[in-house]
Amino acid sequence: MNIPRVDLPRIVVVGCGFAGLKFVQTINSKQYQIVLLDKNNYHTFQPLMYQVATSGLEPDSITYPIRKIFKGKKRFHFRKTSVERIDTEKKQVHTTIGPIEYDHLVVAVGATNNFFGNQDVEKYAVPMKSLLESLQLRSMILQNFEEALNTSDIEEQNRLMNFVIVGGGATGVELAGALAELKAHVLPNDYPDLDIRRMEIHLVEGADSVLAAMSDLASKKSYDFLKKSGVNIWLNTRVESYDGETVITNKENFASKAVIWTAGVKARTLPGLETGGSKNGRILVDDRAKALAHEDVYVIGDMAEMRSDENPRGHAMLASVAGQQGKWLASNFNALARGKETKAFVYKDKGTMATIGRNKAVVDLKKFSFSGYFAWLTWMFVHLMLLVDFRNRLIVFTNWAWRYIKYDRGSRLIIREFKRSEPNIKQTETTKKSSV
Ligand SMILES: Cc1cc2nc3c(=O)[nH]c(=O)nc-3n(C[C@H](O)[C@H](O)[C@H](O)COP(=O)(O)OP(=O)(O)OC[C@H]3O[C@@H](n4cnc5c(N)ncnc54)[C@H](O)[C@@H]3O)c2cc1C
């Protein structure tokens, strides 16, 4: 990897998501040599990926080049590479560009989609856990309307314009709201030859409410907002299979060539790292983020399971948790270097929020919850401020202001073609009759 050894302990950081970014921003590189590895050369602001998928923002407004973030940081080295395995005996990280030794290893590679072993759903549904996937989703949405134009087969048109979002968490709710806005304000102008009123948006959720992780008020209000926007909500409904044309659930079946999967995430794994007894694939760590199964290995962010009395199953997979853990762990390393004591992690819950579209959002703070226009302004302000730098904020703000005034979305571009898997005809024929 061509990185010189210097007379300082070397910390290798894997992943520049929310946790890795904050760690490297906070660590004192006068005390440590820092080597950051990420498979991408950019950091992604995942909470706004749904806006890329629904043509609201371009990818470069929610990403930021890693080299630019850390420009001028001394004793800092970045390599764009994918980590393949960890050798904790030899204290080496093996990557696609060769191995590197560490004195301390900080792992923060986040989470990936969880299809709960359903291979058909994995094959045919479109997930949104990375920037590339959100671009794929954008292409799929737009291509479906292009395809619908080219056929006079009404059933096929319906399948292409029938959107089924699986998962009523924040991502599913935000996507459903954004699709409803596309239907109301953008698609009728873009596709005057199609009767866009026939486009349907279904939100399918296994639990008995949407936004189940938030307050009752947030769940109820988001349900009402979505209903008013024309979204069909199916609660207590679990997807059993999908063959590329028909979604089968325990209640209804949906004829659809547009199934979006937001129903599950699981921690990424790295060969060589033991979970330490965690049941869900995350790495069990102590209150200093040290992996229980390994020495000199620290795990933070979505990948880490840090149990406490308040969180017996570990913290929620949230950007706020990951960012706070990154900053806190680096402060502990800085304290160690100064001969000071380290501190246990305490999560400061600053609230959760979700937006359902124009003027509509829900916000849960520690002591109270609110919804509607003021919540929407709060949501916008917080998300703008969380973006990495001023340029991103300015671009996103300009896009939002334009959209608000003109009811328009500027990024309706199919940059890379979405390749649909061929439907599994056998299942389709037996199930088509019972589809809505
Ligand atoms: C669509 C969506 C919306 C969300 N909305 C919200 C929200 O509104 N609020 C909120 O708090 N949270 C939200 N989250 C969750 C939040 O984004 C995550 O909790 C957060 O990103 C976790 O941070 P992390 O650092 O653990 O991992 P990530 O941010 O996922 O970063 C992981 C990094 O590791 C890199 N990487 C992965 N594998 C390898 C490898 N093998 N080798 C090298 N590098 C690798 C990746 O490229 C990435 O840069 C959302 C997530 C998604 C997907």
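1. Across which strands does helix H7 lie, and at about what angle does it run to S13? In this predicted model, H7 lies across three strands, namely S12 (162-166), S13 and S18 (258-261), and its direction relative to S13 is about 170°.

2. The strands that H7 crosses belong to an open sheet of five strands, whose order is S11-S18-S12-S13-S14 and whose pairing is parallel. The edge positions are held by strand S11 (126-127) and strand S14 (232-234), and because each has a single partner strand, one side of each is left without a neighbour in the sheet. At the S14 edge, the pairing with strand S13 (residues 200-204) is parallel and extends over three bridges, with Val204 having Trp234 as its bridge partner in S14.

3. Helix H6 (residues 154-161) should be read together with this sheet. Its buried residues are Gln157, Arg159, Leu160 and Met161, and the buried residues of H6 pack against helix H5 (131-149) as well as against the strands S12, S13, S17 and S18.

4. One of the strands packed against by H6 is S17, which spans residues 253-255 and contains Asn253. Is Asn253 buried, exposed or partly exposed? With 18 other C-beta atoms within 10 Å, Asn253 is partly exposed, a residue counting as buried only from 20 such atoms upwards. The C-alpha atom of Asn253 is separated by 53 Å from that of Lys71, the two residues being 182 residues apart along the chain.

5. The domain assignment divides the chain into discontinuous segments, with domain 1 made up of 10-39 + 81-113 + 266-337 and domain 2 made up of 119-263 + 415-434. When the centres are taken over C-alpha atoms, domain 1 and domain 2 are separated by 35 Å.

6. Where does the ligand lie with respect to the two domains? Domain 1 and domain 2 both give residues to the shell around the ligand, so the ligand lies between them. The ligand is surrounded by 33 residues, of which Gly15, Gly17, Gly110, Gly301 and Ala322 are the closest. The elements that contribute two or more residues to this shell are helix H1 (18-26), strand S2 (33-38), helix H2 (49-53), helix H7 (170-190) and helix H9 (319-337). Broken down by class, the shell holds 18 nonpolar, 10 polar and five charged residues.

7. A further point concerns strand S24 (residues 360-364), which is mostly covered, since five of its five residues are buried. The covering applies to both faces, with Lys360, Val362 and Asp364 buried on one side and Ala361 and Val363 buried on the other; a colleague examining the side chains may wish to note that Lys360 and Asp364 are among these buried residues.

8. Strand S24 also takes part in two hairpins, one with S23 and one with S25. With strand S23 (residues 352-357), S24 pairs in the antiparallel sense over five bridges, and Gly357 stands opposite Lys360 of S24. Two residues lie between the strands of this hairpin, in which Asn359 adopts a positive phi near 65°. With strand S25 (residues 369-371), S24 again runs antiparallel and is joined by three bridges, Val362 standing opposite Ser371 in S25, while four residues lie between S24 and S25 in their hairpin.

Definitions and conventions
Residues numbered from 1 in each chain as written. Predicted model: local features only at pLDDT ≥ 70, side-chain atom pairs only at ≥ 80, totals over all residues. Domains from an automatic or database assignment. Near = placed C-beta within 6 Å. Nonpolar A, V, L, I, M, F, W, Y, C, P; charged D, E, K, R; others polar. Pairing = 2+ DSSP bridges. Contact = placed C-beta atoms within 7 Å. Axes fitted to C-alpha atoms, helices over the stretch in contact; angles between N-to-C directions. Buried ≥ 20, exposed ≤ 12 C-beta atoms within 10 Å, placed from the backbone.
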